[in-house]
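Here's a quick briefing to read with the model open beside you. Take a look at the structure first, then work through the points below.

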Amino acid sequence: METTTDTHCPYCSLQCGMRLATAAGVGTTVVERPEFPVNRGALCGKGQSAAALLDRTSRLTTPLVRERGTLRAAGWDEALDRVARGFSGIRSEHGADAVGVFGGGGLTNEKAYQLGKFARVALGTANIDYNGRFCMSSAAAANRIAFGLDRGLPFPLEDIPRTDCLILVGANPADTMPPALRHFRELRENGGTLIVVDPRRTRTAELADIHLQPRPGSDLALALGLLHLLIADGLVDHEFVDTRTSGFAPARAAAMAHWPERVERLTGISVGQLRLVADRFGRAATGMVLTARGPEQQSKGTDTVGAWINVCLASGKAGRPYSGYGCLTGQGNGQGGREHGQKADQLPGYRSIEDPSAREHVARIWGVDLETLPRTGRSAYELLDSLGDPGPDGVRGLLLMGSNPVVSAPNAAHVTNRLRSLDLLVVSDLVLSETAQLADVVLPSAQWAEETGTMTNLEGRVILRQQAVDAPEGVRGDLWLMRELAERLGVKRGFDDDPETVFEELRRASAGGQADYAGISYDRIRAEDGVFWPCPAEDHPGTPRLFLDTFATPDGRARFAPVTHRPAAEEPDAAYPVYLTTGRVLSQYQSGAQTRRVGALNASAPGPFVELHPLLARQLAVAEGDALAVTSRRGRAVAPARITDTIRPDTVFMPFHWPGAGRANTLTNPALDPTSKMPEFKLCAVRVEAAGATSTATATAKPAEELPA
């Protein structure tokens with residue numbers, strides 16, 4: 001007999017609907033689910049092959065503990081007792097904050113919520129953050145500054161085809177979320193204009209009416225230049241600005257210092273193109289700006305997103321149907337993961353951990369003394385950078401759940417050394433990832449189709465992944481793991497391993513917060529194909545579209561950001577004359593811990609590469625497939641050359657999915673945005689040479705600004 005289960009894809013923030021069909025002797029296969037509105041049955045190669053993740057041959061099926069330098073199999077009691085003893089000893093000797101917790105943007109809402117509670121109640125530590133900090137934290141910060149609330153998209157994806165002009169900045173959904181691409185195609189079919197901003201001519205850029213190819217790190221100057229032209233050409237919607245916004249005057253003054261010729265010098269975008277884009281967007285009746293990691297993963301990412309929001313506000317394209325600013329969230333639960341306490345500065349419901357009323361509310365729900373709740377802890381990279389520090393503020397023990405920073409963190413060689421220096425590293429994962437290989441204790445976790453839980457997609461739609469198969473014998477869920485560890489740490493109540501029970505508590509904890517889930521239930525999600533937050537009551541319809549009547553600021557007005565251009569933390573120079581930018585490819589996902597174990601995906605994208613322009617290839621005397629060494633101030637990576645005229649001559653691109661010699665994040669810069677604490681993944685200065693070349697030979701490379709724009 002065959003059984004089918006409605007569920008969702010285990011990968012990106014679309015959370016595409018799918019069905020899993022399971023039959024004896026056949027196994028589990030993915031079946032289309034055409035009625036789910038986000039993807040209407042369409043799936044990318046990753047989604048289509050998702051059942052391969054259930055192959056048990058590559059799974060962890062028993063806890064592992066390190067003994068005499070080697071990981072060996074152990075029982076659950078031995079492993080959990082060792083973790084509890086280790087964390088208790090560190091807390092006794094060095095204080096509660098000497099134990100840290102690092103979570104993941106792929107954890108369900110229930111896990112993310114309970115992990116934040118576990119850190120603050122069972123461990124008593126302030127030091128919890130998650131890898132979602134590396135994804136959309138700059139957009140989240142800019143959203144909160146401008147609108148008073150952060151949700152990736154303030155409208156459903158189905159609104160995109162109905163807008164008149166859309167600017168897509170630093171995003172390549174053709175590779176990163178292919179089922180979403182139909183929305184952009186439909187926009188053009190409906191007569192709308194698609195403008196793509198990207199240093200590479202990606203498959204998404206090839207669909208655009210206009211493609212702007214700026215220098216890496218110049219997105220802020222570009223947005224300021226467009227605002228300048230909107231003002232100069234009389235395209236500001238003054239009625240909207242006067243009635244629904246505040247702070248226009250200082251933003252206007254900043255923009256007027258970015259005249260077209262100056263912006264052309266900063267960005268490499270011609271004055272003619274700047275004027276064309278400003279005119280198209282300014283004159284459109286409706287319009288959207290969507291950003292992704294390109295402008296966000298910068299040390300000025302918050303200001304950059306704020307400048308693009310300014311373009312929307314000045315032209316009256318926010319808080320109205322088929323208009324607004326949105327962020328294309330990356331990870332599967334990147335949205336929900338930052339709403340319910342997994343971030344260093346937040347409590348459930350997107351509450352600030354420093355807000356007295358928020359602390360009182362959550363302490364009451366958790367049944368703990370208000371004074372025992374920690375305050376703000378370290379952000380993700382700051383937490384990783386503090387690992388093993390022998391000083392009084394160092395983190396000596398770490399519980400890491402659903403993340404692989406050995407591959408995904410910036411300045412990855414340094415982070416790897418910090419992980420090695422810990423007194424106790426505990427990793428919960430479904431496979432022996434590169435980070436798990438360094439652990440003192442590895443705990444095998446159930447995944448995706450083996451458990452039930454909610455996710456929140458990039459639209460703010462809360463959806464339900466339902467268990468379709470049993471986990472392998474010996475594997476446990478993370479909720480069970482946290483309950484067992486809490487009991488061993490002396491907290492006998494307050495942690496449950498039933499996901500629906502945990503979600504019911506999350507509903508109460510989020511009630512009254514910005515991300516209010518109080519009116520959302522498992523039954524309602526099943527009946528409605530998801531529910532949009534905020535949803536404060538069971539008879540509330542949910543909120544697919546935000547800000548149509550008012551913004552979530554104290555005075556109900558959206559706020560302009562008075563920002564100005566500044567260079568990246570690291571610009572090319574004579575020693576490191578080329579920009580490096582990083583990103584994803586179609587058939588891999590994040591650190592590759594899952595996708596590199598799927599044969600069909602790995603065959604399509606088997607390893608790292610360095611993408612470079614033919615002009616730069618000729619200058620370096622390299623051919624297609626030659627081994628290239630890319631060196632930054634932090635390290636060296638080697639990968640084959642991929643020569644293409646779709647990238648700027650002053651820039652090379654590397655995907656970040658692989659460990660080893662071709663690890664792109666060996667090179668990346670951990671310089672942090674001062675507001676969001678986002679590292680500058682998207683650009684750094686590098687030297688590029690044939691892998692066997694000498695440093696004397698590379699010293700003759702031309703500085704980037706001398707290469708053709």
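The bend at a residue is the angle between two axes, one fitted to the seven residues ending there and the other to the seven starting there. Keep that in mind for helix H3, which has a kink of about 25° centred on Lys-117. One caveat before going on: this is a predicted model.

**Helix H3**

- H3 covers residues 109-123, and it packs on a sheet, where it touches E19 and E20.
- The direction of H3 makes about 95° with that of E19.
- Does the length add up, and what should the 15 residues of H3 span at 1.5 Å a residue? The expected figure is 21 Å, and the end C-alpha atoms are 20 Å apart, which agrees.
- Of the 15 residues in H3, 14 are buried, so the helix is largely enclosed by the rest of the structure.
- Just after H3 comes Gly-124, which takes a positive phi of about 70°.

**The sheet under H3**

- This one is an open sheet of three strands, in the order E19-E20-E21, with antiparallel pairing.
- At the edges stand strand E19 (453-456) and strand E21 (531-532); each has a single partner strand, so one side of each is left without a neighbour in the sheet.
- E19 and strand E20 (residues 461-465) run antiparallel and are joined by four bridges.
- If you want a pair to click on, Thr-456 has Val-462 in E20 as its bridge partner.

**The N-terminal strands**

- Another open sheet of three strands has the order E1-E2-E3, again with antiparallel pairing.
- Its edge strands are E1 (2-8) and E3 (27-32), each of which pairs on one side only.
- From one strand to the next, the twist averages 30°.
- Strand E2 (residues 17-23) runs antiparallel to E3, and six bridges join the two.
- Within that pairing, Ala-21 has Thr-29 in E3 as its bridge partner.

**Arg-265**

- Arg-265 sits in helix H10, which spans residues 260-267.
- Is Arg-265 buried or exposed? Its relative accessible area is 55%, and the cut-off for exposed is over 50%, so Arg-265 counts as exposed.
- Leaving out residues up to four places away in sequence, Arg-265 touches Arg-215 and Trp-259.
- Gly-512 is 247 residues from Arg-265 along the chain, and their C-alpha atoms are separated by 48 Å.

Key:
Residues are numbered from 1 along each chain as its sequence is written. This is a predicted model: local features need pLDDT of at least 70, side-chain atom pairs count only at pLDDT 80 or more; totals for chains, interfaces and linings use all residues. Side-chain values use heavy atoms; hydrogens and water are left out. Two strands pair if DSSP finds at least two bridges between them. Axes are lines fitted to C-alpha atoms, for helices over the stretch in contact, and angles run from 0 to 180 degrees between N-to-C directions. Contact means heavy atoms within 4.5 Å. The expected span of a helix is 1.5 Å times one less than its number of residues. Buried means under 20% relative accessible area, exposed over 50%, partly exposed in between (1.4 Å probe, protein chains only).
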